[in-house]
Amino acid sequence: MVAVNRDWSPFVVSAPGKVILFGEHAVVYGKAAIAGSLDMRAYALVTPRSDGKARMVLPDIGVDVLFDCPTLPQLSSGDLAHPSDVEALVPSTIA
C-alpha cells in the first residue's frame, strides 16, 4: 500500500486551450510555426486516494480507467496517440 499525505484537500487545476495552424512538428527543425491560445480551458480535479491507485476520468470521450500507481512511471506521453489508447497499451494496469 502507498502512503498518502492526508494533510491536503482536493484541488482543481486548469490549462488554456491552444491551436497550432501549421508547423507543429517543423519547430523541432528550427522552422516557423503559427500557434495561439483559445478561450477554452481543460480542468482536472485532483483528489487524494488511500488505495495506491490513480483514476483518470474523461467523460466527454468515454474514458474511465484505474491505474496502480507503481506502474505509472512506465508510461510516457509518447506512448499514447489518444487517451483511450491506454486500455490497449497496458491492460494489466487497469483495474
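**Exercise 1. Determine how confident the predictor is in the protein chain, and which elements mark the two extremes.**

Solution. This is a predicted model, and the mean pLDDT of its protein chain is 77, with 67% of the residues reaching 70 or more. Turning to the elements, the highest mean pLDDT, 90, belongs to strand S1 (residues 11-22), whereas helix H1 (residues 86-89) has the lowest, 61.

**Exercise 2. Locate Asp51 in the chain, classify its exposure, and identify what its side chain contacts.**

Solution. First, place the residue: Asp51 sits in the loop that runs between strand S2 (34-46) and strand S3 (53-58). Next, consider accessibility: the relative accessible area of Asp51 is 36%, so the residue counts as partly exposed, since that class lies between the 20% and 50% cut-offs. Then follow the side chain of Asp51, which makes a polar contact with the side chain of Arg49 at 2.6 Å and also reaches the backbone nitrogen of Lys53 at 3.2 Å. Finally, look further along the chain: Asp68 is 17 residues away from Asp51 in sequence, and the C-alpha atoms of the two are separated by 8.8 Å.

**Exercise 3. Describe the nonpolar surface patch and the elements that contribute to it, then classify the exposure of Leu21.**

Solution. Begin with the membership: Val19, Leu21, Phe22, Ile34, Leu38 and Met40 together make a nonpolar surface patch of about 580 Å². The elements giving two or more residues to this patch are S1 and S2. Now take one of its members, Leu21, which is found in strand S1; its relative accessibility is 63%, and therefore Leu21 counts as exposed, the cut-off for that class being over 50%.

Notes: Residues are numbered from 1 along each chain as its sequence is written. This is a predicted model: local features need pLDDT of at least 70, side-chain atom pairs count only at pLDDT 80 or more; totals for chains, interfaces and linings use all residues. Side-chain values use heavy atoms; hydrogens and water are left out. pLDDT is the predictor's confidence in each residue, from 0 to 100. Helices (H or I, at least four residues) and strands (E, at least two) are DSSP runs, numbered from the N terminus. Buried means under 20% relative accessible area, exposed over 50%, partly exposed in between (1.4 Å probe, protein chains only). A polar contact is a pair of N or O atoms within 3.5 Å; within protein, one must be able to donate a hydrogen and the other to accept it, and residues adjacent in sequence count only if both atoms are side-chain atoms. Patches are made of residues with over 30% relative accessible area and no salt bridge: like charges are joined within 9 Å, nonpolar side chains (Val, Leu, Ile, Met, Phe, Trp, Tyr) within 5 Å. Accessible areas come from the Shrake-Rupley method with a 1.4 Å probe; for residues, only the protein chains shown count as cover. A salt bridge is a side-chain nitrogen of Lys or Arg within 4 Å of a carboxyl oxygen of Asp or Glu.
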